[in-house]
2 protein chains.
Amino acid sequence: MSNKQQNILIIGAGLCGSLLALRLGQRGYNVNVYEMRPDLRRTDISAGRSINLAFSDRGNKAMKLVGIEDQVKDLCIPMNGRMLHDKEGNTFLSNYSGRDYEYINSISRQELNSLLLDEAEKHENVKIHFNKKCKSVNFEKTTALFQDYQTKAEFIEDSDCIIATDGAGSALRKSYFLEKKFLFSFSQQWLSHGYKELSILPNADGSYKTYKNALHIWPRGDFMVIALPNLDGSFTVTLFLSYDEGEYNFNNLTTPEIVTEFFKKEFPDALELMPNLIKDFFENPTAPLGTVKCSPWHYKGNTLLMGDSAHAIVPFYGQGMNASFEDVVEFDAILDKHEGHWETVFSEYDKVRKKDTDAIADLAIDNFHEMKDHVGQAIFQEKRKIEMALEKAFPEDYSSKYSLVTFNEDIGYREAMLRGRAQDKAILNMLADGEVSTEFILSGDEGLDMTYKEVLKDILDKVKTETEAILEDDKIAGLH
Amino acid sequence: MSNKQQNILIIGAGLCGSLLALRLGQRGYNVNVYEMRPDLRRTDISAGRSINLAFSDRGNKAMKLVGIEDQVKDLCIPMNGRMLHDKEGNTFLSNYSGRDYEYINSISRQELNSLLLDEAEKHENVKIHFNKKCKSVNFEKTTALFQDYQTKAEFIEDSDCIIATDGAGSALRKSYFLEKKFLFSFSQQWLSHGYKELSILPNADGSYKTYKNALHIWPRGDFMVIALPNLDGSFTVTLFLSYDEGEYNFNNLTTPEIVTEFFKKEFPDALELMPNLIKDFFENPTAPLGTVKCSPWHYKGNTLLMGDSAHAIVPFYGQGMNASFEDVVEFDAILDKHEGHWETVFSEYDKVRKKDTDAIADLAIDNFHEMKDHVGQAIFQEKRKIEMALEKAFPEDYSSKYSLVTFNEDIGYREAMLRGRAQDKAILNMLADGEVSTEFILSGDEGLDMTYKEVLKDILDKVKTETEAILEDDKIAGLH
């Protein structure tokens, strides 16, 4: 096909950009990728900013597409559930799903990104240029202005089309916004909380200091600490805390003494695992948590935003990378239909994809509030108990909102959000009204006899009926 | 009080800025207002941009506060309802409320603004400077940079605090956004539709060419024309139309022939009243419709955004000016509590007010979609019929969403939105389920005997019960 000779310029060789380069390389395009940072395969990436990530089914769908599922599996540490830590140091494991085969994974950003870059560079039609920062994009001429990090020389690159996968601070998005040549809707929303990365180092023999196969959470109402395992026996720890509210906040945690006091009071068992706390705390930056949405993503058939540049989200659903990988899968499917017609491809991608990335952005913020406000409430714990029992007893017939979002890659985020929220509302209201209860629900396998299953089947039917009624009521009211 | 000697700089002498200047003048502050445009009392304001506005109870509350309610009343033309025009030229009057004393008013922007400027300037501690454009604000130093329109000379003004009422394109908001000195959440959302102002001129004898006391609407599904009366016998007409979608749109209405064809086909009765259509259409600009939200509005006790600069909304609820006037009322009430402590005043105002202006922004967009999509649907017309009957029969016990938003100035927009949406959902679903019907509902006074009232009372009780249930279900589910 003649259009396979076309030149595509990708801005940014992060997770989304390098996957896109690989896929477009596989499709035969001439691909040039410009990345502002040095090659992360040859240098340490800057510490303190999301060293590891949650990798799940939507991300894996993209790995299957480019044929590297097995290689990625070797980098994964399965996390079957949340390990909750209370103030007394008691722990409680809460599975992500009632189905044993559904779990998420901890994966190293650097290792996954390196694999994708290696695979992309195997294609001689893909070239990756490091230390070249994009300063602006002329979306009418389809050219981009770059600056070389070392020489400071500026140069312009021309291309048949430009796809910007340059993250939350995207140069292309900035050009769309500042040039005012078309009506560009844009929003950036900051949470009141920031985050800071810390670490739990391995034991001297390289073993893990706490349970390996879980995402650890120390929930404390208005703030929390989480920890994800790394392959080297360490955990990457993240503190989420308000900048300026509450007794302890980032603005007043200014001395080693007060930081130690805070952790001793709130996270004593974590503090014991972190003799390196003070060093990490004062060396690593405090970063804000923001959501970016915008529209349109494309300008004619010239330029397109993809990944975080189009939809940066907060990390509370563990879906940021997975959403960006799914972008590439969706884009690839539209290329199958309209290859050769960039304006049609970009415009259809924009149309079908945006509703889903808007949904995961909203879900991620919901989860921030849920983890802050709801996690300690009995009614939410009862809901979770019912959902786990339903998923275990009727694996084909029920998926919680979390499962719909995380393990059901064949339905879009928006559908998962609407159905998941309606289910949550149905169960919470039936619990409040005494229409269902957790009295007969067991947590293990012991109770899977017929009577127990009948009790659960009755609950399942009620939940399904009520969920449908909620969705129908909203539809009649013209909501959604 | 010593703090009454304080200097307050207001940027922008539009409706909100001149009202604020008047109120702060009444309170004894030294007020300097800088406005980029010439004095609109001595020059024609530019045609084609919202010449008249809908004035209602929230706006009037502010007029009462500053003691000019009677003078404003003289500028008002009551509009008791919507006069709907179909394609065949048939008209149908739909009242805004079942209570005769609830109506909105058409008012001239220029006359109202002039009155506010005159009243403000009666205070010798208030000075208004025209033709001075604000270019940026140094919110850390509480200074603003201006440029004189005639001499082009730039100068800096210092003040104890600065309040920016400089509209949707606010210089202060731009400084907040671009300087990146704190986490500033910001969104601008454009509708797919733009608008263009047209006019229906008076008859030769100065009389109105169509019914005076209504807001005229020609709803056509994906686009519409509206008309509001002016005191001189003319109507200001606005066409709302997509930029690029549908058979006719702003991008393809490029010749007199096609514009005439469009109006002949879609608005034949309006076309007859507008021999001046072509001149208006090609002389007046096409303007976009946007919503702006941001947070925080204030920086310490130094600077504050108020009115459209903080919350620009689309015009479909007729609440833009009313919301900005209500800003001043809310601000004044907080000044009563915390006068002398600007940081407390600004921060509390931000906290209590933002939820309400967010709500009216969302309601205004809802109404755009409602007018486009719902207005022609039988079930929405039945709902309206029920609500009018309830308001008429039980004036103390029921208010529709429209009434809650427009005529109930003692409850906030957010409460009006939540209750109003729940009521709509309740009625629409009861209609869909056959639990209530419009069969026995009359439109006039004829049926107000006991049996009829009993039927209505039964409907009222059902609506109230169902509304409470909807609000409670949402609360349990952690929504809102």
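Leaving aside its neighbours within four places in sequence, which residues is Phe182(A) in contact with? Keep that question in mind while you select Phe182(A) in this predicted model, where the residue has its place in the loop between H5 and strand E13 (185-200) of chain A. With the sequence neighbours set aside, the contacts of Phe182(A) are Phe139(A), Tyr176(A), Pro296(A) and Tyr299(A). Now add Asp86(A) to the selection and draw the line from C-alpha to C-alpha: this residue and Phe182(A) are 96 residues apart in sequence and 52 Å apart in space.

**Back into helix H5**

From the loop, step back to helix H5 (residues 171-179) of chain A and select Ser175(A), which has its place there. The relative accessible area of Ser175(A) is 7%, and because buried means under 20%, this serine counts as buried. Beyond its neighbours within four places in sequence, Ser175(A) is in contact with Ser136(A), Val137(A) and Phe139(A); Phe139(A) is also one of the residues in contact with Phe182(A).

**Chain A as a whole**

Zoom out until the whole of chain A is in view, and colour it by secondary structure to show 14 helices and 19 strands. Along its principal axes, the C-alpha trace of this chain spans about 70 × 60 × 40 Å. The radius of gyration of chain A is 24 Å, which agrees with the value near 23 Å that a compact globule of 480 residues would have. If you colour by accessibility instead, 56% of the 480 residues count as buried, while the accessible surface of the chain comes to about 20300 Å², with 49% of it belonging to carbon and sulfur atoms. Among the contacts in chain A with a separation of 6 or more, 71% are accounted for by residues 24 or more positions apart.

**The nonpolar core**

Next, select Phe331(A) and Phe331(B), which touch the most other members of the largest nonpolar core, a set of 142 residues. Stay with the copy in chain A and show what surrounds it: apart from its neighbours within four places in sequence, Phe331(A) is in contact with Leu20(A), Leu24(A), Ile163(A), Leu304(A), Met306(A), Trp342(A), Val345(A), Phe346(A) and Tyr349(A).

**Helix H1 of chain B**

Move to chain B and select helix H1 (residues 15-26), whose twelve residues reach 17 Å from the first C-alpha to the last, close to the 16 Å expected at 1.5 Å a residue. Eleven of the twelve residues of H1(B) are buried, so this helix is largely enclosed by the rest of the structure; the buried residues include Leu15(B), Cys16(B), Leu20(B), Arg23(B) and Leu24(B). After the helix comes Gly28(B), where you will find a positive phi, near 100°.

**Where the chains meet**

Show both chains together and select the residues between them: 24 residues of chain B are in contact with 24 residues of chain A. The two chains bury about 2200 Å² between them, 61% of it on carbon and sulfur atoms. On the side of chain B, Leu183(B), Lys425(B) and Ile476(B) lose the most area to chain A, and together they make up 25% of what that side buries.

**Last stop: helix H14 of chain B**

Finally, select Leu471(B), which has its place in helix H14 (residues 450-476) of chain B and is buried, with a relative accessible area of 17%. Add Arg419(B), 52 residues away along the chain, and the C-alpha atoms of the pair prove to be separated by 7.6 Å.

Terms used. Residues numbered from 1 in each chain as written. Chains lettered and ligands numbered in written order. Predicted model: local features only at pLDDT ≥ 70, side-chain atom pairs only at ≥ 80, totals over all residues. Heavy atoms only, no water. Core = buried A, V, L, I, M, F, W, Y, C linked by side-chain atoms within 4.5 Å. Buried < 20%, exposed > 50% of the residue type's maximum accessible area, 1.4 Å probe, protein only. Contact = heavy atoms within 4.5 Å. Helix = DSSP H or I, 4+ residues; strand = E, 2+ residues; numbered from the N terminus. Expected span 1.5 Å × (residues − 1). Rg over C-alpha atoms; globule rule 2.2 N^0.38 Å. Areas by Shrake-Rupley, 256 points an atom, 1.4 Å probe, with all protein chains shown as cover. Buried area = accessible area lost by both parts, 1.4 Å probe.
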